[in-house]
Amino acid sequence: MRRTCLFSFLLSALALVVMSNSSPLSAAELVGFSDHRFQPGTIVIKNSEKRLYLVLRGNRAIRYKVAVGKSRKAWTGLAHITAKYVKPDWSPSPEVRRDFPHLPAVIRGGASNNPMGVAAMTLSNGNYAIHGTNRPGSIGRAVSYGCIRMANHDIQDLFQRVGVRTPVVAVQ
């Protein structure tokens, strides 16, 4: 009996530690998803919701909270993942460079000032990617130059679930 109580107590204490260490940014959750325009395996970005959905079978999806493009910078349309990178280097686009001329030409992957975070997946629609971030406070806002930012633990999760050529659809 005492061992059972001790085990139960330790299990409860472990659960409290795990819950207290979970990130408040953790937005990934399994949700119902019944929009039949999108096949399982498709990534759907809903800019107005600031959410990214990975469509699953059975009218379900994994939903992640994201940062999207700021006003007049958010993209809509179709694309697919062209490549996947862990700790990618980042080079500012000409537009970013114009707004922030002090930025270096390249910020190495893994550097604390690298805005790509721990992983990135480039898209076929041009100069955009779905990537992690070094600014977790930006998640849930319209702040980027068009890329989709995710919390680093969320991009790691999505990264292992999808592959190159995964379709990506962005809607308003």
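**Close-up 1. Val169 of strand 10 is the bridge partner of Leu78.** This view, like the others, comes from a predicted model. Leu78 belongs to strand 5, residues 77-86, which pairs with strand 10 in the antiparallel sense. Four bridges make up that pairing. Val169 is also the bridge partner of Val44. Here the pairing is between strand 2, residues 43-46, and strand 10. These two strands run parallel and are joined by four bridges.

**Close-up 2. Ile43 sits among the best-connected members of the largest nonpolar core.** The core holds 23 residues. Ile43, Ile45, Leu52, Ile130 and Leu158 touch the most other members. At least two residues each come from strand 2, strand 3, strand 4, strand 5, strand 6 (119-123), strand 9 (148-150), helix 3 and strand 10. Strand 4 gives the largest share, four residues. A second core, separate from this one, has nine residues, including Val96, Leu103, Met116 and Cys147.

**Close-up 3. Contacts of Ile43 beyond its neighbours within four places in sequence.** Ile43 is in contact with Leu52, Tyr53 and Leu54. Ile81, Ile130, Leu158 and Val162 are also in contact with Ile43. Thr166, Pro167, Val168 and Val169 complete the list. Val169 is the residue that bridges to Val44 and to Leu78.

**Close-up 4. The largest pocket has a volume of about 800 Å³.** Its lining comprises 31 residues. Trp90, Val96, Pro115, Tyr145 and Cys147 are the closest to the pocket centre. Helix 2 (94-99), strand 7 (129-131) and strand 8 (142-144) each give two or more residues to the lining. By class, the lining has 13 nonpolar, twelve polar and six charged residues. Val96 and Cys147 also belong to the second nonpolar core.

**Close-up 5. Asn59 has a positive phi in the loop between strand 3 and strand 4.** The phi value is near 55°, in a residue other than glycine. Strand 3 spans 51-56 and strand 4 spans 60-69. Asn59 has a relative accessible area of 42%, so the residue is partly exposed.

**Close-up 6. Arg165 has a positive phi in the loop between helix 3 and strand 10.** Phi of Arg165 is near 80°, and the residue is not a glycine. Helix 3 covers 152-161, and strand 10 covers 167-171. Arg165 counts as exposed because its relative accessibility is 67%, over the 50% cut-off.

Methods
Residues are numbered from 1 along each chain as its sequence is written. This is a predicted model: local features need pLDDT of at least 70, side-chain atom pairs count only at pLDDT 80 or more; totals for chains, interfaces and linings use all residues. Side-chain values use heavy atoms; hydrogens and water are left out. Buried means under 20% relative accessible area, exposed over 50%, partly exposed in between (1.4 Å probe, protein chains only). Two strands pair if DSSP finds at least two bridges between them. A nonpolar core is a set of buried Ala, Val, Leu, Ile, Met, Phe, Trp, Tyr and Cys residues joined through side-chain atoms within 4.5 Å. Contact means heavy atoms within 4.5 Å. On a 1 Å grid over the protein atoms alone, a cavity is a set of points where a 1.4 Å probe fits but cannot get out, and a pocket is an open set with protein on both sides within 12 Å along at least five of seven lines; lining residues have an atom within 4 Å of a point. Grid points are joined across faces, edges and corners, and a volume is the space filled by probe spheres set on the points. Ala, Val, Leu, Ile, Met, Phe, Trp, Tyr, Cys and Pro count as nonpolar, Asp, Glu, Lys and Arg as charged, and the others, Gly among them, as polar.
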